[in-house]
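Open the model in your viewer and follow the stops below in order. Each one says what to select and what is there.

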Amino acid sequence: MASFWGPHTDNPEKTLFILGALVTGALFIFALTFVPRRARKPLIAVVTFIGGLYFSLEFLIAPRSSAEPFLLSKGAFGKKVFELLYAGLDPDQNFLSPYMQGLTNAWQVIAGFTFALGLTNLVHIHGKNILQARKNWGFSVFFFIGVIVMAVIGFFQRFGAGQKSPVWQGLWRIATDGWLFSLDAAMFSLIAFFIISAAYRAFRIRSVEATIMMGAAFLVMLGQVPVGIWLTSWIQPEWGFLYNLRLENISQWILWKPNAAAQRGIEFGIAVGALAMGLRIWLSLERGSYFEKEV
Amino acid sequence: MSHATLPVLVFEGVIVFFILWKILSARRGRELYIRRIPGLSAIDEAVGRATEMGRPIFYSPGIQGLDIVGLQSLSILSHIIKLAAKFRTRVMVALADAVLYTIAQDVAREAYAREGAPELYEQDDIKFLSDQQFAYASASIGLMSRERVASCFYFGSFFAEALILAETGHHVGAIQVAGTPQITQLPFFIAACDYCIIGDEYYAGSAYLSKEPTLLGSLVGQDLGKLVIIAALIAGVIGVSISPWVPAGSIVLEWFKVGK
């Protein structure tokens, strides 16, 4: 306990940073509540624009490794600009890069406060379930037991004497390896069964497209397993073009030619779509839902 | 840290120019056409079905936090809530990110208020379940099964939980509409859901549903941007094909080279 609330032995500044971030974040959020309603939307627009401008320019402005040869070839003026903007930076940095980590940390601190709101919502819902004895209220009791037990064990195994206590360390292993990871694994294993039921429905021959998909999937799967490879292993490499008809080659061709081409096509569309939406949000041009109302 | 190369700068500049140009021309009143997207048209059908059956709607924006994908998801959520509010149908939203949760609450409250039914807003229906992937999946499928939801919507970033959600939705007999820019999860949604929007259709969602001139203009700009990419692809293919014999081919390839 003492090592958490007191100075950290490994890094004494850590405590000050944590407390500083906590206090500054709380003050910042508290100050925002005093902003008049009329000014909130313009404030969001301005902050979004400045933030977007920073990240865009940080990406678009050349790093030192590219700018250095160019600027130094431009004589005394270029050298002055280089010394002003790039001196002392890493090769992959431009003059905006050093602030990136600080801004990202600030965002994480602000986002961290919202976690308390999420937890409040859970406590509210499950607390109401228990107090009003709603259907399945027992699950809500388990929620509280889970949260409290994990928090207590997690806290004591991490700080103070618990760091070296075999009891707390053992309890932590039971809570994580024994409970949490096992439950995670159980949920993950559901996918194996769901894949079969979903694939059964998807591969039913109902249309030309479904038939093509089933045929392609059949060939790809067959080309990945030993029996499939064995089936066409009699086709020899020296047979030239016919060698392409071995099942593993057909499988690889389907995966890396038509399939990869289609995926890249979709990726291009997604990238352009994301760029357009990012642009609209940056310039406060987005309309509909959250962006239209008076904040 | 990665930074833009000259080709990236030029391409991005051209695409941004097209998008802004089309947004401005749409705002000046130019009529723009948008093709029918079956997955998005199915939203009305799914909301209607839940209303007829008198059962709730389930909405999941995925497990990623506040980003472009999440914001687009909230736009679609807003449309669905407005539609559901008209018929007084309950919408349950399951969230895995605390930041998105706070915004989703606001979006829901606002959407009900806009439809003149602020009393329909239930704080408990906008649920923060867990920020752990499988805890979220587990809580979501429990919710879907217990409430016997009639319609499920999955719009956002999904990972391994996608199939768990979609198959549970199928087993409870819900009509399901999904959309994600996550290419690895698209096959699962296509296999398990009734309607699926793919690729950049996801980002066309708000334009398609709202018919806002700004958004429609942006969509046309995106299409022009895609034409630029297609032109670059063709130039690249020609460059590769002719580079052994024609020096111009090598120049094209050199210009497109990544990581200069």
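Select B:Y59 and B:V93: in this predicted model, B:V93 of β2(B) is the bridge partner of B:Y59. Extend the selection to residues 57-62 and 91-95 of chain B, which are strands β1 and β2; they pair in the parallel sense over three bridges.

Next, show the whole sheet in chain B. Six strands make up this open sheet, with parallel pairing, and reading across gives β3-β2-β1-β4-β5-β6. Colour 126-128 and 195-197 of chain B to mark the edge strands, β3 and β6, each of which pairs on one side only. From one strand to the next, the twist averages 15°.

Now add the helices. Residues 38-53 of chain B are helix α2, which packs on the sheet and touches β1, β4 (151-157), β5 (175-179) and β6 of chain B. The direction of α2 makes about 140° with that of β4(B). Then select 98-114 of chain B: this is helix α4, lying across β1, β2 and β3 of chain B. Helix α4 runs at about 175° to β3(B).

Move to chain A. Colour 137-202 as domain 1 and 205-282 as domain 2. Their centres, taken over C-alpha atoms, are 38 Å apart.

Last stop: which residues make the nonpolar surface patch of about 520 Å²? Select A:F115, A:L119, A:V123, A:V147, A:I148, A:V152 and A:F156. Helices α6 (100-131) and α7 (137-158) of chain A each supply at least two residues of the patch. The most comes from α7(A), with four residues; A:I148 lies in helix α7 of chain A.

Definitions and conventions. Residues numbered from 1 in each chain as written. Chains lettered and ligands numbered in written order. Predicted model: local features only at pLDDT ≥ 70, side-chain atom pairs only at ≥ 80, totals over all residues. Heavy atoms only, no water. Pairing = 2+ DSSP bridges. Axes fitted to C-alpha atoms, helices over the stretch in contact; angles between N-to-C directions. Contact = heavy atoms within 4.5 Å. Domains from an automatic or database assignment. Patch = residues over 30% accessible without salt bridge, like charges linked within 9 Å, V, L, I, M, F, W, Y side chains within 5 Å. Areas by Shrake-Rupley, 256 points an atom, 1.4 Å probe, with all protein chains shown as cover. Salt bridge = Lys/Arg side-chain N within 4 Å of Asp/Glu carboxyl O.
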